[in-house]
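Hi,

Here is the structure I said I would pass on. Have a look at it first, and my notes follow underneath.

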Amino acid sequence: MKEYYRNLIRTTVGLGAMAALVFGLVACGDSDTSAPQVIQVEVTRVVTEEVVVEKEVPVEIEKEVVVEKEVVVEVEKVVEKEKVVEKIVKVTVVRDKIIKEQVTKLVAVTVAPEEGTTADEGIYGGKLLITGQASIKTLDPDFSAAYVTAATANQHVFEQLFAWNQKMEPTPGAVQSWNVDTTAQKWTLTIREGMKFHDGTDVTIDDVIASYERIMASGAGYNAGITKRLLVEGGMKKQDNLTMTIELSEPFNFIPTGLSIPFRGSVTVKPKRIVDMFPTGKEDMGHDNVVGSGPYRVKDWFVGDRIVLERFPDYNSRSEPASYMAGAKLAFMDELHWLEIPNEETKIAGLKTGEWDFMDSVGLDFVSDLEKTDNVNIGWYKPGHYSNSPFNHAVAPTDNKLVRQAILAAVDAEAIMSSLGPPSTWNLCGQVFICNAVWNSDSAIELYNQGDTERAKALLAEAGYNGEPVHIKNPTDYGTITPIGPVLKSQLEAAGINVEMPAQDWAGIISIIMTPNGWNMFTNWNTHRSIFSPAFHSYTSGKGLSSYDSPIMQGLHARFIQETDQAVMQEIVDDMQATMYDELPWVPFGQFYMPSPYRDYVKNFPEIYLGAPNFNNVWIEK
């Protein structure tokens, strides 16, 4: 798996030598086509196979490739039969350092299409019945950080400005073309013409700006949090009905990367008239106002039973072959039904009989049985999820760092992970930026998986803890979270902590944890993409849900996103991990791989998927 990330970084290098940051950037320019094309691109960087640099940086040079500003993927496609472009950048090697002379120039590049689904390959019609991971409280992706909201809304109802392809590279979504100046402080985005909302109105740049401002106002992290922090006053401006500029106070090379993440913190485009009614993103816009421009629209919502999406006939799809969330999004199904079936055994029984077609995750204990079941396939989310429990820093007693450290000391992570399923489906992992990834560190790792009740008691005494209740929110209806609660509760009680853990479903818990009151901890997991990069980690780039406000972490993050020396970046990562184990926005448990079983007549769903299952480009053959 580590080699997977290394290969990913080698092919997704961004501006400013941030080679090992999150996913890299894509090239500027139009790309809405499925046939080979010649485009004009402005090149202002040189990239070796390993590193892009803007100043003297030690590198290991393997070969030289000329690319656009932000990614080498498109160039790799064209090196098959012809010389791609003339050299326009001079590179001088002096004592193992590269000194570059920057030149800006338009050059012609032939872009070959990727392989993927086309409209001729699928079968239109029918209903796809999906059992969701948990109850869906809201489809407002700015208001809620719930996975079930993003899995339904971000990927099917709304359109994002950029989107991940199957290689986790950011590619154009609602954006048609974009550019950045040589300082990486002024970005220009132009959206596609002809997009329509589900209410029939045209999508304009006014809607995009309003949507961008709403997610920044919501307090979300990732791209929204960073952009909000760096945006100069009046820095988001309309240029015409399809074009906007973003002006920042400091260089930020990862706008496309941040805008491609399909979860809270990215921009999901909504009508300005609706945004104006709920401008902060801290109030749910409600069922009647879920209006996007994606391939499916809301048809019915029977609260507590199901959400029904129907094909949006006026959806303006991109024409490139589909690749995860990028390229063409073809709504082959007439309808998508998300069913709320709280009991895991009931879900499995219904899948086996064909009562429904797809389970968005299943408890790891059921994998062995389902692998032996006829007519059932299993898709796997890898690199995986990270089990953890965030702390509320705003409410006693977890506002006391010593209490948080005592809870960390009491946790036996192996016992907690064992509650999820067999060892083949999980591994112990104390890395802040997930195991087998790029930015691993040994810093403070000895504080992970202590299982030391006596040390926990000593820390509680030092904290002056006097039996105040610790309110833990643990859902009763979430197969990959529910088993954790009872084990965690017993471990904390053994250390002398008074734990209150009432029975609640996930939808009810989500409504509570979105505010700083009424809870101290909640059982949870993060997808790998939300935590494996120091640039976009939930707790390095923002407060997450912990009210975690750390000047130390903010300073480290600011240094990291501007640094170009990888040795220095690793030192910053070490300091980040040590800070998280000291200040504790969460308790880490471990890493697991989520399986999603489905009937074999569901076609074009990948064996390995990158996050929430994507039902665009999926069809049924019965």
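Let me start with a residue that I kept coming back to: Q431 is buried, at a relative accessible area of 9%. Do keep in mind as you read that this is a predicted model. Q431 sits in the loop that runs between strand 20 (426-428) and helix 12 (453-463). Leaving aside residues up to four places away in sequence, Q431 touches Y386, N440, S441, I445 and Q577. There is also a long-range pairing here: Q431 and F589 are 158 residues apart along the chain, and their C-alpha atoms are separated by 9.9 Å.

That loop has a few other things going on. C429 and C435 are joined by a disulfide, with an S to S distance of 2.1 Å. The count of disulfides comes to one. The link of C429 and C435 is right-handed, with 110° about the S-S bond, and both cysteines, C429 and C435, are buried.

Two backbone oddities are worth a look as well. I434, in the loop between strand 20 and helix 12, has a phi near 65°, a positive value in a residue other than glycine. I434 is buried, with a relative accessible area of 0%. A444 is found in the loop between strand 20 and helix 12 too, and has a positive phi of about 60° although it is not a glycine. For A444 the relative accessible area is 14%, and because the cut-off for buried is under 20%, A444 counts as buried.

Now the overall numbers. The protein has 16 helices and 29 strands. Of its 622 residues, 60% count as buried. If you take contacts between residues at least 6 apart in sequence, 75% of them join residues at least 24 apart.

On to the helix packing, where helix 10 (residues 401-410) is a good place to begin. Which way does helix 10 run relative to helix 12? Their axes come within 8 Å and cross at roughly 170°, which makes helix 10 roughly antiparallel to helix 12. On the helix 10 side the contact is made by L402, V403, Q405, A406, A409 and A410, and on the helix 12 side by R455, A456, L459, L460, E462 and A463. By class, that contact of helix 10 with helix 12 has nine nonpolar, one polar and two charged residues.

Helix 10 also meets helix 16 (residues 566-583). The axes of helix 10 and helix 16 come within 8 Å and cross at roughly 100°, so these two helices are roughly perpendicular to each other. Here K401, R404, Q405 and L408 in helix 10 meet Y581, D582 and E583 in helix 16. The class split for helix 10 with helix 16 is two nonpolar, one polar and four charged residues.

You will have noticed Q405 in both lists: it is named in the contact with helix 12 and in the contact with helix 16. Q405 is found in helix 10 and is buried, with a relative accessible area of 16%. Not counting residues up to four places away in sequence, Q405 touches L459, D582 and L584.

Just ahead of that, look at the loop between strand 19 (376-390) and helix 10, where P397 is found. A cis peptide bond joins A396 and P397, with omega about 0°.

Helix 16 has another partner in helix 15 (residues 551-560). The axes of helix 15 and helix 16 come within 10 Å and cross at roughly 160°, which makes helix 15 roughly antiparallel to helix 16. The crossing of helix 15 and helix 16 is left-handed. Residues in this contact include I552, M553, L556 and F560 from helix 15, and V568, M569, I572 and V573 from helix 16. The residues of the contact of helix 15 with helix 16 divide into 10 nonpolar, two polar and three charged.

One last spot, elsewhere in the chain: A326, in the loop between strand 16 (306-311) and strand 17 (335-339). At 5% relative accessibility, A326 counts as buried. A326 touches A163, W164, N165, T171 and P321, again not counting residues up to four places away in sequence. The C-alpha atoms of A326 and W164 are separated by 5.6 Å, with their positions 162 residues apart along the chain.

Cheers

Key. Residues are numbered from 1 along each chain as its sequence is written. This is a predicted model: local features need pLDDT of at least 70, side-chain atom pairs count only at pLDDT 80 or more; totals for chains, interfaces and linings use all residues. Side-chain values use heavy atoms; hydrogens and water are left out. Helices (H or I, at least four residues) and strands (E, at least two) are DSSP runs, numbered from the N terminus. Buried means under 20% relative accessible area, exposed over 50%, partly exposed in between (1.4 Å probe, protein chains only). Contact means heavy atoms within 4.5 Å. A disulfide is a pair of cysteine sulfur atoms within 2.5 Å. Axes are lines fitted to C-alpha atoms, for helices over the stretch in contact, and angles run from 0 to 180 degrees between N-to-C directions. Angles under 35 degrees count as roughly parallel, over 145 as roughly antiparallel, 65 to 115 as roughly perpendicular and the rest as oblique. A crossing is left-handed if the near helix is turned anticlockwise from the far one by less than a right angle, and right-handed if clockwise. Ala, Val, Leu, Ile, Met, Phe, Trp, Tyr, Cys and Pro count as nonpolar, Asp, Glu, Lys and Arg as charged, and the others, Gly among them, as polar.
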